[in-house]
Amino acid sequence: MADVRPLLRAELLPPKSSARRHLISIADLTREDVERLLALSRTFARSLERDVKKLPTLRGRTVVPNSFVVMVSQEDHAAFAEIGDSLSRELADAAREHARDEGYSFLGPVEVAIESSTTMRTGAFSINARLKEGQGGLG
């Protein structure tokens, strides 16, 4: 089995151009594409581990944000457009898995949107998280 190593920031960047318009199957992905997606999801999961000064509780359960907006540069957003839906689902799955492992609860379904920002540099991103009540949560 090959050694798994953390990817460098430049390696997280999507390729400059691609003939793919939609991700229907992972069969068309290169090893580098898969590694880049996994690295981004690991980075997203680590962001959920940040210390929060005070987490709200509801019915004795710790409630955590379930609505996330990942801000990326316009260039990265265009490059991720082909796999945006799959990437959003993967990040939402990572959030749900982390919450389950830690015993956290959501007020509604987990949502992840990937949006572009004119102020973000290529390769950089920020994550905004908030509590959003909806069906399927504690509220």
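Trainee: Reading along the sequence, what pattern does the protein follow?
Mentor: Keep in mind that this is a predicted model, where local features need pLDDT of at least 70, side-chain atom pairs count only at pLDDT 80 or more, and totals for chains, interfaces and linings use all residues. Residues are numbered from 1 along each chain as its sequence is written, and side-chain values use heavy atoms, with hydrogens and water left out. Helices (H or I, at least four residues) and strands (E, at least two) are DSSP runs numbered from the N terminus. Written in order, they give α-α-β-β-β-α-α-β-β.

Trainee: How many helices and strands does the secondary structure come to?
Mentor: Try counting the letters in that pattern, α-α-β-β-β-α-α-β-β. You should get four helices and five strands.

Trainee: What share of the 139 residues counts as buried?
Mentor: Here buried means under 20% relative accessible area, exposed means over 50%, and partly exposed is in between (1.4 Å probe, protein chains only). Of the 139 residues, the buried share is 37%.

Trainee: And what part of the exposed area do carbon and sulfur atoms supply?
Mentor: Accessible areas come from the Shrake-Rupley method with a 1.4 Å probe, and for residues only the protein chains shown count as cover. The protein exposes about 9,400 Å². The carbon and sulfur part of that is 50%.

Trainee: Of the contacts between residues at least 6 apart in sequence, what share joins residues at least 24 apart?
Mentor: A contact means heavy atoms within 4.5 Å. Take the contacts between residues at least 6 apart in sequence, and the share joining residues at least 24 apart is 83%.

Trainee: Is Asn66 buried or exposed?
Mentor: Asn66 sits in the loop between strand S2 (61-62) and strand S3 (67-73). Leaving aside neighbours within four places in sequence, Asn66 is in contact with several residues, including Phe106, Pro109 and Arg130. Its relative accessibility is 1%, so Asn66 counts as buried.

Trainee: Pro65 is in that loop too, right next door in number. Which residues is Pro65 in contact with, leaving aside neighbours within four places in sequence?
Mentor: Pro65 also lies between S2 and S3, but at 25% relative accessibility it counts as partly exposed. Its contacts beyond those neighbours are Phe106, Ala129, Arg130 and Leu131.

Trainee: How many salt bridges does the structure hold?
Mentor: Side chains of opposite charge can pair when their charged atoms come close. A salt bridge is a side-chain nitrogen of Lys or Arg within 4 Å of a carboxyl oxygen of Asp or Glu. The number in this structure is two.

Trainee: Which residue does Arg96 meet in a salt bridge?
Mentor: Look in helix H4, where Arg96 and its partner lie three residues apart, about one turn of the helix. Arg96 is partly exposed, at 32% relative accessibility. The N to O distance is 2.5 Å, and the partner is Asp93.

Trainee: How many residues apart are Lys132 and Glu111?
Mentor: The side chains of Lys132 and Glu111 meet in a salt bridge (3.1 Å, N to O). This pair links distant parts of the chain: Lys132 is in the segment after strand S5 (125-130), Glu111 is in strand S4 (residues 111-117), and their separation in residues is 21.

Trainee: What charge gathers in the surface patch with Glu49, Glu90, Glu97, Asp101 and Glu102?
Mentor: Patches are made of residues with over 30% relative accessible area and no salt bridge, joining like charges within 9 Å and nonpolar side chains (Val, Leu, Ile, Met, Phe, Trp, Tyr) within 5 Å. Lys and Arg count as positive and Asp and Glu as negative, with His and the chain ends not counted, and a charge is placed at NZ of Lys, CZ of Arg, CG of Asp or CD of Glu. One member, Asp101, lies in helix H4 (residues 84-102) and counts as exposed at 56% relative accessibility. The charge of the patch is negative.

Trainee: How far apart in space are Gln74 and Thr122, C-alpha to C-alpha?
Mentor: Gln74 is in helix H3 (residues 74-80) and is partly exposed, with a relative accessible area of 46%. Not counting residues up to four places away in sequence, Gln74 touches Ser116, Ser117 and Thr118. Gln74 and Thr122 are 48 residues apart in sequence, while their distance in space is 7.8 Å.
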